[in-house]
Amino acid sequence: MSAHRLRHPWRRPVLAAVAAAAVAAPAAAFATDSAPFDARGAGRPAAPADRPQGDAYYKDAVGKTGDELKSALHPIISEQTKLSYDEVWDALETTDEDPDNPNNVILIYSGRSQAKGAHGSGANDWNREHVWAKSHGDFGTSTGPGTDIHHLRPEDSSVNSTRGNLDFDNGGDPVDQAPGSRSDSDSFEPRDAVKGDVARMILYMAVRYDGTDSFPNLEPNDQVGNGSAPAMGRLSVLKQWHKADPPDAFEKARNDKIYGIQKNRNPFIDHPEWVTAIWK
């Protein structure tokens, strides 16, 4: 992979349009507890938009629990626009834009703000981290789980390499260039500020990809060392992280922007209580 990629014609005009729609569309379809955020990622509340009462986007899931809730959410969030792996570059420039510097993105594990164009395979470039490791289920970078930006995040290439395909758990040694993150031979622990984000991305993937649409049936479990099995752990730790680090303004705004691009949402950002409703 070269350090910098070629541009494609869909990118800036389309991303600008879908990012703008990310504020209006979710507001019209989905009621939240706070005002929608500026689609450019500035973290500033946008002007409130008219929206229906209730929970229109999730109407077929509201009131359900357990496997019934999980099954109801799957068709809702499976209605999405799929991206190519190359299109992910510019999508992440929109979804992970630094609220304080529109020329930069925030790296998920490092927390570093880095120039959008400084990406590729170089030692200090950022690249596309699969939070659900793509070898867990062996889906690679194929369109679908391999390009779903709900779990793809910018990260320093060397930190991405350190994480590799490790499961998530507490403990380990400090990770160079990722303050607060730790790793050992079989697990990776992200910094505190994104522990909940990681948990909600993993659980989104488990609901979205259930083996019914030619992709592997992805499931969390309570172990590490899952290798190429379509599983990620540890579930008990992910649930702790979800509780300790609830969705913040950046994560909520990111969910809105993804809705503008992919046309689907992460239900565990919108409804954190659904984590324990499904995984008791």
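Start with the largest cavity, which has a volume of about 80 Å³. The model you have open is a predicted one, and its structure holds 1 cavity of 30 Å³ or more.

**The cavity lining**

Select His150, Arg153, Asp197, Met201, Glu251, Arg254, Asn255, Ile258, Asn266 and Ile269; these residues line the largest cavity. Colour them by type, and they divide into 3 nonpolar, 3 polar and 4 charged. Two helices, α5 (195-208) and α7 (249-262), each supply at least two residues of this lining. Which helix gives the most to the lining? That helix is α7, with 4 residues.

**Helix α7**

Now select residues 249-262, helix α7. Its 14 residues should span 20 Å at 1.5 Å a residue, and its end C-alpha atoms are 20 Å apart, so the two values agree. Is α7 largely enclosed or largely open to the outside? It is largely enclosed by the rest of the structure, because 11 of its 14 residues are buried. To see them, pick Glu251, Ala253, Arg254, Asn255, Asp256, Lys257, Ile258, Tyr259, Gly260, Ile261 and Gln262. Glu251, Arg254, Asn255 and Ile258 are also among the residues that line the largest cavity.

**Just past α7**

Move on to Lys263, in the loop between α7 and α8. Lys263 is not a glycine, yet its phi is positive, at about 70°. With a relative accessible area of 36%, Lys263 counts as partly exposed.

**Helix α2**

Go back along the chain to residues 66-78, helix α2. From first C-alpha to last, these 13 residues reach 19 Å, close to the 18 Å expected at 1.5 Å a residue. Show the buried residues of α2: Gly66, Leu69, Lys70, Ala72, Leu73, His74, Ile76, Ile77 and Ser78. What do they pack against? Their partners are α5, β10 (219-220), α8 (267-270) and α9 (274-278). Helix α5 is therefore worth keeping on display, since it also supplies at least two residues of the cavity lining.**Strand β8 and Ser183**

Select Ser183, found in strand β8 (residues 178-183). At 14% relative accessibility, Ser183 counts as buried. Display its surroundings: leaving out residues up to four places away in sequence, Ser183 touches Thr162, Leu166, Gly171, Gly172, Asp173, Val175 and Phe188. Then draw a distance from Ser183 to Asp169, 14 residues apart along the chain; their C-alpha atoms are separated by 8.7 Å.

**Two backbone stops**

Ser214 lies in the loop between α5 and β10. Its phi is near 75°, a positive value in a residue other than glycine. Is Ser214 buried or exposed? Ser214 is exposed, with a relative accessible area of 72%.

Next, zoom in on Gly233 and Arg234, which are joined by a cis peptide bond with omega of about 0°. Arg234 sits in the loop between β11 (231-232) and α6 (235-244).

**The whole protein**

Finish by zooming out and colouring by secondary structure: the protein has 9 helices and 11 strands. Of its 280 residues, 55% are buried. Among contacts between residues at least 6 apart in sequence, 65% join residues at least 24 apart. Turn on the surface last; the accessible area comes to about 11,300 Å², and 53% of that belongs to carbon and sulfur atoms.

Note on methods. Residues are numbered from 1 along each chain as its sequence is written. This is a predicted model: local features need pLDDT of at least 70, side-chain atom pairs count only at pLDDT 80 or more; totals for chains, interfaces and linings use all residues. Side-chain values use heavy atoms; hydrogens and water are left out. Buried means under 20% relative accessible area, exposed over 50%, partly exposed in between (1.4 Å probe, protein chains only). Contact means heavy atoms within 4.5 Å. Accessible areas come from the Shrake-Rupley method with a 1.4 Å probe; for residues, only the protein chains shown count as cover. On a 1 Å grid over the protein atoms alone, a cavity is a set of points where a 1.4 Å probe fits but cannot get out, and a pocket is an open set with protein on both sides within 12 Å along at least five of seven lines; lining residues have an atom within 4 Å of a point. Grid points are joined across faces, edges and corners, and a volume is the space filled by probe spheres set on the points. Ala, Val, Leu, Ile, Met, Phe, Trp, Tyr, Cys and Pro count as nonpolar, Asp, Glu, Lys and Arg as charged, and the others, Gly among them, as polar. The expected span of a helix is 1.5 Å times one less than its number of residues.
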